[in-house]
Protein chains: 4
Amino acid sequence: MNTKQTFGSTLLVFALLLPAMALAGIPDPGMQVEKGRTALVITDPQNDFLSPKGVTWGVVGKSVVANNTVENIEALFKSAKSSGIPVFISPHYYYPHDHGWRFEGALEKLMHTIGMFDRKDALDTTGFAGSGADWLERYKKYIQDGETVVTSPHKVYGPETNDLVLQLRKRGIDKVILAGMSANLCTESHLRELLEQGFEVAVVKDATAAAQVEEGDGYAAAVVNFRFLANTVWTTQEAIQTMAGR
Amino acid sequence: MNTKQTFGSTLLVFALLLPAMALAGIPDPGMQVEKGRTALVITDPQNDFLSPKGVTWGVVGKSVVANNTVENIEALFKSAKSSGIPVFISPHYYYPHDHGWRFEGALEKLMHTIGMFDRKDALDTTGFAGSGADWLERYKKYIQDGETVVTSPHKVYGPETNDLVLQLRKRGIDKVILAGMSANLCTESHLRELLEQGFEVAVVKDATAAAQVEEGDGYAAAVVNFRFLANTVWTTQEAIQTMAGR
Amino acid sequence: MNTKQTFGSTLLVFALLLPAMALAGIPDPGMQVEKGRTALVITDPQNDFLSPKGVTWGVVGKSVVANNTVENIEALFKSAKSSGIPVFISPHYYYPHDHGWRFEGALEKLMHTIGMFDRKDALDTTGFAGSGADWLERYKKYIQDGETVVTSPHKVYGPETNDLVLQLRKRGIDKVILAGMSANLCTESHLRELLEQGFEVAVVKDATAAAQVEEGDGYAAAVVNFRFLANTVWTTQEAIQTMAGR
Amino acid sequence: MNTKQTFGSTLLVFALLLPAMALAGIPDPGMQVEKGRTALVITDPQNDFLSPKGVTWGVVGKSVVANNTVENIEALFKSAKSSGIPVFISPHYYYPHDHGWRFEGALEKLMHTIGMFDRKDALDTTGFAGSGADWLERYKKYIQDGETVVTSPHKVYGPETNDLVLQLRKRGIDKVILAGMSANLCTESHLRELLEQGFEVAVVKDATAAAQVEEGDGYAAAVVNFRFLANTVWTTQEAIQTMAGR
């Protein structure tokens with residue numbers, strides 16, 4: 001066989017392999033945690049999602065309990081703090097003027113109807129402590145330690161409307177360990193926007209949870225999309241080991 | 001009962017209803033099609049997704065066939081053109097320099113490995129006609145009619161990296177009928193970004209399709225998220241009737 | 001002269017006219033104020049820019065006095081409120097964590113050094129009233145009337161890091177009357193980003209002002225760029241007449 | 001004097017110094033060029049701005065000649081290539097559909113009127129070679145060397161409508177040396193958006209130029225704003241020395 005034939009055959013083999021590669025499954029690019037370039041980002045660690053008194057407990061509570069979400073998010077906070085990984089929080093708040101919007105998507109409408117994440121005013125914290133918009137009590141020592149960066153609130157689901165991307169960049173962060181609430185809404189929209197902005201993202205799939213309703217299982221949908229989209233998907237245990245450098 | 005008591009009772013009833021409302025299901029805000037403010041947006045109507053010769057047919061073909069996606073997208077094109085609804089296309093192309101990226105999410109890595117949407121250069125169309133990056137042949141008469149607006153390519157999944165939002169705004173569009181490929185990747189990322197940018201969006205759930213692989217059913221995930229996120233979800237038949245003003 | 005010659009001559013005349021058109025001056029596209037689609041947006045109406053006690057008065061005070069900026073912004077507030085034009089405020093705040101940024105542009109560095117717009121915390125308003133970050137006292141009745149929309153703070157100069165664009169879109173606004181502080185920094189960055197997002201923008205050139213220092217006259221620079229960029233440039237008097245529909 | 005008094009005096013001195021610091025001038029934070037993290041970004045190196053045959057030569061030609069812009073941009077290309085600094089180009093193109101926009105800012109209107117940067121279609125390069133939208137001939141060997149990253153076109157002035165930010169991030173770039181055309185329009189809008197996205201930016205002030213018309217001197221405005229906004233401002237000579245590591 002001459003050189004030209006060999007080249008042709010190689011091309012042929014490669015062409016035959018291509019569909020096979022596609023069928024063989026989705027790659028897992030992975031993500032190396034490098035100190036100084038990696039942060040933990042938590043979306044919506046607030047009562048309305050994570051407390052049995054929160055307005056969405058009826059639809060997300062089962063998923064929160066099943067995943068051990070409350071404890072897993074706390075384990076991530078502890079691990080990041082002890083490993084020197086900076087922590088960023090992207091909260092969700094609605095002010096009275098947000099109730100004057102002329103149109104809303106389905107879940108936006110629901111959130112407004114049930115008064116989710118409602119606050120009196122950006123400059124008035126009356127009634128905030130302990131409200132549905134407040135942090136889950138057990139997370140306050142991590143969030144209010146003077147080191148954690150709390151961004152402005154996002155207003156739909158993603159960080160397009162707040163300063164999360166800038167805050168990460170201003171600290172030299174280009175890799176994100178992502179968790180929080182809720183899986184297929186704010187967490188997934190943060191994942192998607194961080195990818196569009198050129199971050200590497202590892203999602204912690206059991207440090208999140210979602211609504212499971214007649215219209216669909218939000219958690220199941222999120223887990224599929226995390227696997228398709230993210231650089232990698234971890235359990236809380238894997239995230240902790242990776243942050244600790246083990 | 002005096003006024004004060006009545007007011008108190010009303011509040012109580014309302015408070016009791018709140019969790020019930022949350023549990024009662026997700027609202028469907030709907031979307032009115034208004035001529036001059038509404039457009040049809042199609043993502044990735046390209047061979048690599050929709051032709052049996054495309055590089056992803058092995059994983060998306062079953063879903064494309066099941067949904068009748070190819071015919072449904074064509075029906076939307078026809079209906080929009082005959083109803084005077086402007087059409088915008090957001091394509092997906094990769095150039096040689098995109099293969100020099102230092103990191104990629106899972107599906108990005110896969111797309112690059114299988115040469116999906118590859119083009120030689122933005123200023124060189126040699127070999128483009130009929131390639132995986134080209135339009136599905138049957139759509140060319142709608143896309144190349146001198147009226148359809150073709151945006152720059154998006155480079156991850158959403159329109160954050162192209163001019164779709166600007167092109168819509170420069171034509172006075174604030175309502176979008178969204179379809180195209182693939183359901184849980186580019187279509188859903190377009191949905192999410194359009195919502196963040198303050199558009200109303202109706203997704204046509206059977207004029208899209210997605211990869212169904214061992215790691216998960218991308219179409220099932222997308223359908224759940226469309227219902228949670230969009231202003232409304234239509235079938236192709238409903239979209240056509242609405243565009244025609246029936 | 002035959003047809004071909006005529007065509008050639010026409011082409012020639014057109015070719016000669018092109019540079020002339022360019023030289024003939026910059027067009028003024030204008031902007032029609034339509035109720036329900038138009039808003040007044042004010043950037044940084046805060047003490048640190050507009051009060052003689054503010055930290056930048058030494059460099060912007062002369063320009064603020066020369067333009068009658070304080071009074072002109074108030075006149076715009078009054079006029080918008082009485083004309084039913086909705087008002088949006090995009091403020092500038094820095095929190096302790098913003099002082100941990102690893103790098104800053106020139107004016108960012110200066111603002112941080114002089115403690116401009118500093119606040120204790122997004123959830124702690126202790127010491128805020130009357131501080132450099134607070135609204136100018138005379139504007140409070142317009143800003144805190146329960147109707148004005150106050151967005152999250154922008155963190156560099158433009159609205160990329162806050163929810164201004166979403167808030168405008170959620171109210172159906174696509175035309176903006178823009179004023180506030182300071183002319184070549186936040187006001188101009190808001191102008192530029194609003195144009196990129198597909199808004200029409202009229203800038204009110206004497207309801208703004210800027211630093212005039214050894215390194216350059218920020219106000220003169222802004223006025224040139226307003227004229228090049230905006231849909232139109234108005235005086236406060238023209239803006240008021242237009243809002244009032246005269 | 002006891003400790004408390006000393007502390008009080010120090011505070012007093014500091015308080016007195018603050019306004020002085022503001023008045024003393026604008027800081028120059030500088031920018032360290034680090035290989036692997038730094039890129040050269042050139043906006044609009046196209047005939048319509050830089051060739052005497054281009055449609056804007058009548059208004060920008062004087063500034064281009066005065067700054068030696070054509071030669072300085074070439075010197076930057078050469079220096080970056082020989083120093084292993086990656087080069088990114090952000091071009092400006094208009095397609096027939098862009099002429100269907102319903103509203104435009106002043107310079108946008110002018111650019112459309114004079115046919116600036118016009119191309120036939122994104123997928124049709126007929127008539128492109130040598131047109132106003134094409135690269136300046138002498139730059140082609142740098143831009144078309146198979147290494148330079150050419151982004152999608154920006155459509156107003158900044159990179160909000162293209163993939164420049166993503167392309168930079170996907171290569172690990174967080175520092176940008178910025179030059180190109182025109183100073184107060186696309187170059188300055190790129191500067192502003194890159195700052196909002198958390199890049200460090202050094203602007204090369206004599207490798208750019210701008211329109212100087214009756215309505216104002218665009219170059220003078222840009223130079224003031226570069227000094228206020230950027231991390232630092234260099235001459236071409238300084239940029240070359242810094243890239244070469246001297």
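Which side chain of chain B does Arg192(A) meet in a salt bridge? The partner is Glu188(B), with N to O at 3.2 Å. Keep in mind that this is a predicted model.

Let me start with chain A by itself. It has 246 residues, and 63% of them count as buried. The secondary structure comes to 10 helices and 8 strands. Along the principal axes, the C-alpha atoms fill a box of roughly 85 × 40 × 30 Å. Now the contacts with a separation of 6 or more. In chain A, 77% of those come from residues 24 or more positions apart. The exposed area of chain A is about 8800 Å², and carbon and sulfur atoms supply 55% of that. On charge, chain A carries 23 positive and 28 negative side chains. The centres of the two sets lie 5 Å apart.

Next, the interfaces. Interface size is often given as the accessible area lost when the parts come together.

Take chain A with chain B. Each side puts residues into the contact: 50 from chain A and 50 from chain B. The two chains bury about 4500 Å² between them, with 65% on carbon and sulfur atoms. Which three residues supply more of chain A's share than any other three? They are Glu196(A), Glu215(A) and Phe228(A), at 17% of the area that chain A buries against chain B. The salt-bridge count here is 2. The pair I opened with, Arg192(A) and Glu188(B), bridges these two chains.

Now chain A with chain C. The contact takes 32 residues from chain A and 32 from chain C. About 2600 Å² is buried, and carbon and sulfur atoms give 54% of that area. His97(A), Leu123(A) and Lys170(A) supply 28% of what chain A buries against chain C, more than any other three residues. Lys170(A) also turns up in a salt bridge across to Glu108(C), at 2.7 Å, N to O. The rule finds 2 salt bridges across this interface.

On to salt bridges in general. Over all chains, the count comes to 56.

First example: Glu74(A) with Arg138(A), where the closest N and O atoms are 2.7 Å apart. Glu74(A) sits in helix H4, residues 69-83, while Arg138(A) is in the loop between helix H5 (106-113) and helix H6 (140-143), so the bridge ties together parts 64 residues apart in sequence. How buried or exposed is each end? Glu74(A) has 11% relative accessibility, so it counts as buried. Arg138(A), at 37%, is partly exposed.

Second example: Lys155(A) with Asp98(A), also a salt bridge, 2.7 Å from N to O. This pair links distant parts of the chain, 57 residues apart. Lys155(A) is in the loop between strand S3 (149-150) and helix H7 (164-170). Asp98(A) is in the loop between strand S2 (87-90) and H5. Buried or exposed, Lys155(A)? Lys155(A) counts as buried, because its relative accessibility is 0%. Asp98(A) is buried too, at 0% relative accessibility.

There is also a network in chain A. Bridges that share partners join Glu34(A), Arg37(A), Asp174(A), Lys175(A) and Glu200(A).

Last one, in chain B. Lys120(B) and Asp124(B) meet in a salt bridge at 3.8 Å, N to O. Asp124(B) is partly exposed, with 25% relative accessibility.

To recap the two interfaces: about 4500 Å² buried between chain A and chain B, and about 2600 Å² between chain A and chain C.

How values were computed:
Residues numbered from 1 in each chain as written. Chains lettered and ligands numbered in written order. Predicted model: local features only at pLDDT ≥ 70, side-chain atom pairs only at ≥ 80, totals over all residues. Heavy atoms only, no water. Helix = DSSP H or I, 4+ residues; strand = E, 2+ residues; numbered from the N terminus. Buried < 20%, exposed > 50% of the residue type's maximum accessible area, 1.4 Å probe, protein only. Contact = heavy atoms within 4.5 Å. Areas by Shrake-Rupley, 256 points an atom, 1.4 Å probe, with all protein chains shown as cover. Lys, Arg positive; Asp, Glu negative; His and termini not counted. Charge placed at Lys NZ, Arg CZ, Asp CG, Glu CD. Buried area = accessible area lost by both parts, 1.4 Å probe. Salt bridge = Lys/Arg side-chain N within 4 Å of Asp/Glu carboxyl O.
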